[in-house]
Amino acid sequence: MVVIMAESLSEKNNLNLAGLLKSIFIGSIVLIISTQTLSTYIIQPLIFDSTLVRHGRYAISFDAWETIEKDEQYSVVGIGSSLTQYGLNGSCIDSSIMTNDVGVYNIGIPGGYPYVEMMQTERAINSHPDVIILELNPINLFSFSDATGLNDYIEMRFEINSLFLKISDFGGWEEIIRVEDLSHIDHPLSNPYNSENTYFNSAAEYHLKSLVGSEINDGSWAKNAGLQYLAVPEPHTSEWNNYLQNPPLLPRYLDTFNNTELEYYENITIPNFLERARYNPHSESNLNKLALEYMVKSFSNNGIKTILLSYPIYPTAVSLLSENQFDQHNNTILDLLGYDNVESLNLIWLDIWENQDFYDIEHLDVSGREKVCSIMSAKLAQMV
Amino acid sequence: MDFVTPEYYLYFLPVVFLLTFGIASRQRRRQILILLIMSYVFFWLASGWHLILLLISTCIDWTAGRKMHETDDHALRKRWLRISLITNLSLLGVFKYLDFLIESWNLVSLRFTDSLDVGAVGLALPVGISFYTFQTMSYAIDIYRKKQKPYDSFLDFACYAAFFPQLVAGPIVRADHFREQIKEPLAPSAYRFRLGLTLIIYGIAKKLVIADNVAVHANEVFIEGEHLANIGLIWWATLCFGIQIYCDFSAYSDIAIGSAHLIGVELPENFKTPYAATSPQDFWRRWHISLSTWLRDYLYIPLGGSRNGRNRMIFALMMTMLLGGLWHGASWNFVLWGLVHGLLLIVHRFGKEIPFIKGFFGATGRIGVLLSWTITQFFVFFTWLIFRVEDTAVLIPSMKTFVGWGGYFDREEAYEFLPEIKFLTFTLASCFVLLHGISGKIGGGKEWLARRHPVIWGAACGTMLSLAFYLRPAETIDFIYFRF
């Protein structure tokens, strides 16, 4: 059959089969190179500098893993949400551990949930980190069915992650993704270039505007506007390495409150907060739980040590928790400890925390970070 | 399934190619059978149970063709022709125009009574019904006129009626043309394969990069229906729609012709840079050629054509254009669109005979051509405005603004109102105008590219594809002519 087709295709109108195949091969190469180039030079810089999305940090995971892979030191990587972003000071832990060759990275993403963060599992495994600090707070276990308004965030994060996704990054996590969310993830065959397509028109518009002088495009409007917090340095530069260890953070939110506002925050806002799904974790039929299990299992199977870290919560909030409110969280920790190479560190119930250690109800501020730094350093020192 | 769904390229076309040239290689009958089955599969995936309508039309026209050919009895031949025409026109009437007639009736009856309100039937429009009914009707009419013989085999005829590349939105192929294409076993050639790929890639890029992006601007203006007195906005939106409809429809034709080339069949061209036309007549020689020639051969000439006096010619022309407008869709704006085109053709026809005008354009040379082009395209785009807007509350103020009746020019307002992606859309529209202009002068760009060195071909097609993947707007817009 193939021979007959090959014979038929050959030597007509001055183009033979070899010429045809060569044409298709060159076309494919040009397609791959041009799409890669357009993504790297047109879209990605505008995502990192937060022109196209609210926060450049949404895009750091996969490039961060490339940096970690190249790091020959003992590497410790914190994965999670803004709790990790605000709670883990990589350079502090680095310097507190008395060994020189340890690199501690913080790749917590604002708004991140295990359901979204699990996409980086295969890339993480291939980067051979030594220890992963996996955030496991009650908010990481909330059930999507209880939440509204998350779909846009999930879509945005899936599309941004897809910009950096390689074929080797696909894995068992695909089976956990809801059918309606799969369309947001690029697939080389069924949904190629969907994420690039989402951002390319806006990126091209921005570049065209900058060409005619309607916008300033030096690759970092956020920096120029004094919003360093939102912009991310260009990957694989020295600035980038520092950023991965110690991301810039906002000044303490609670310091902007006067006494009346603080009283309102503690007596009204926090109790309301504690009623939400984020603080009422579920451990059954929960996509976040499944995602956490998937990550822990995958790391465990690949011999990567995992620390399940539960970051502390504002002390006033802890005092307002109802009995058994976090039972499902505790049960999940116990479940996951069943895997090899997994340890846990639950900081919620320690009595060392003061309100002053917190940026807000759930994020740590400078002094809180220092406390986490000293606890984590001691823990890691035993492991290194 | 259609020409912008990945499944068409990933599964459908490769399967057709492999079956046609693998399993059925050099065996004509088997090849035709495979093409017929795959065409029905394609139609089923596109339009479901409406496949039955296609089968009815196929069987009736096949039988009518045979019966007319077998007898010299004029009355009998006429009867079979009537059966064919009534069947096809009934299918069209019921599925395409019934609700339109009911709505029009309700509108009229409201003037006289307030109780007579007939409910709409709400039948879904079968995909491609306007195309395949016209195609099979032309077959029956040609046999009746003894201009051609019927197909020898039902399989060949069914394949002609259902051939998947042109089934949904043309080009409308004549029976003789298709018969020529399939009389020998289908054989692929490397050049033809590459030409097919070139046309497909070019079509995809034209549809996704240009048509779908400019459509966002046209839709914003005509759907929102705001600032309709802003001349800049109306002109821009009309220009965008004119670009959209050409790029959308010609892209479909390119992909159809390209798909047919892959399996060794050549379909006729449907467009020849219509926006380079310098007269209404010239426009219709370049726009939707397969329909305009069909209308000429099966409506305009039978209605009297141009050889039976001035009045008859005016009547034939107006009827042809009115019905041509109605063919596009069951809505009054399409009727008006046809009417205006008919008027333009008549005005041009008689205007060019006026000595002063004849002398002016004869003496002014290139400037005259430029003036002629400007006037023609002004009115062509004016008719696109009518074509695009069905809602009279939007159409009438838009038409007034377009011709400068009232209205104002406010650049700031237009800029603020248009969607966020502006510079890119303007760049794409400009690129289209430039390329269309060059194509109008030189022509044959796709064939030229298909003959280039593999490196040039690969670079051009790879770039076009990557632009198509990246520049398509978030939501793909259906091919406009799918509705017809």
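**Two chains, their folds and contacts**

Reader: Which domains does the assignment give for chain B?
Author: This is a predicted model. The domain assignment splits chain B in two. One domain is built from two segments, 192–279 and 352–483, and is domain 2. The other, residues 6–187, is domain 1.

Reader: How far apart are the C-alpha centres of domain 1 and domain 2 of chain B?
Author: The distance runs from the C-alpha centre of domain 1 of chain B to that of domain 2 of chain B. The domains also touch: 18 residues of domain 1 of chain B contact 17 residues of domain 2 of chain B. The centres themselves are separated by 29 Å.

Reader: Which helix of chain B gives the largest share of the side of domain 1 that touches domain 2?
Author: Take the side of domain 1 of chain B that touches domain 2 of chain B. Helix 1, helix 7 (164–167) and helix 8 (175–182) of chain B each supply at least two residues there. The largest share is four residues, and the source is helix 1 of chain B.

Reader: How many charged residues are on the side of domain 1 of chain B that touches domain 2 of chain B?
Author: Sort that side of domain 1 of chain B by class. Nonpolar residues number 13 and polar residues five. The count of charged residues is zero: there are no charged residues.

Reader: Are helix 10 and helix 16 of chain B roughly parallel or roughly perpendicular?
Author: Helix 10 of chain B covers residues 231–262, and helix 16 of chain B covers residues 392–402. Their axes lie 9 Å apart, at an angle of about 100°. Angles of 65 to 115 degrees count as roughly perpendicular. So the relation of helix 10 of chain B to helix 16 of chain B is roughly perpendicular.

Reader: Which residues of helix 16 of chain B make the contact with helix 10 of chain B?
Author: Helix 10 of chain B brings B:Ile231, B:Ile234, B:Trp235 and B:Thr238. By class, the contact of the two helices has four nonpolar, three polar and no charged residues. From helix 16 of chain B come B:Ser398, B:Thr401 and B:Phe402.

Reader: Which helix of chain B gives the largest share of the side that touches chain A?
Author: The contact takes 39 residues from chain A and 32 residues from chain B. Four helices of chain B each supply at least two residues: helix 1 (6–23), helix 9 (190–224), helix 18 (423–441) and helix 20 (454–471). The largest share is 13 residues, from helix 20 of chain B.

Reader: How many nonpolar residues are on the side of chain B that touches chain A?
Author: Two residues on this side of chain B are charged. Another eight are polar. The nonpolar residues number 22.

Reader: What radius of gyration does chain B have?
Author: Chain B has 20 helices and zero strands. Its C-alpha atoms fill a box of roughly 65 × 65 × 55 Å along the principal axes. For 484 residues, a compact globule would come near 23 Å; chain B agrees, with 23 Å.

Reader: What radius of gyration does chain A have?
Author: Chain A has 17 helices and five strands. Along the principal axes, its C-alpha atoms fill a box of roughly 85 × 55 × 45 Å. A compact globule of 384 residues would be near 21 Å; the value for chain A agrees, at 24 Å.

Reader: What percentage of the residues in chain A is buried?
Author: A residue counts as buried if 20 or more other C-beta atoms lie within 10 Å of its own. In chain B, 47% of the 484 residues pass. In chain A, with 384 residues, the share is 44%.

Note on methods:
Residues numbered from 1 in each chain as written. Chains lettered and ligands numbered in written order. Predicted model: local features only at pLDDT ≥ 70, side-chain atom pairs only at ≥ 80, totals over all residues. Rg over C-alpha atoms; globule rule 2.2 N^0.38 Å. Buried ≥ 20, exposed ≤ 12 C-beta atoms within 10 Å, placed from the backbone. Contact = placed C-beta atoms within 7 Å. Nonpolar A, V, L, I, M, F, W, Y, C, P; charged D, E, K, R; others polar. Domains from an automatic or database assignment. Axes fitted to C-alpha atoms, helices over the stretch in contact; angles between N-to-C directions. Parallel < 35°, antiparallel > 145°, perpendicular 65-115°, else oblique.
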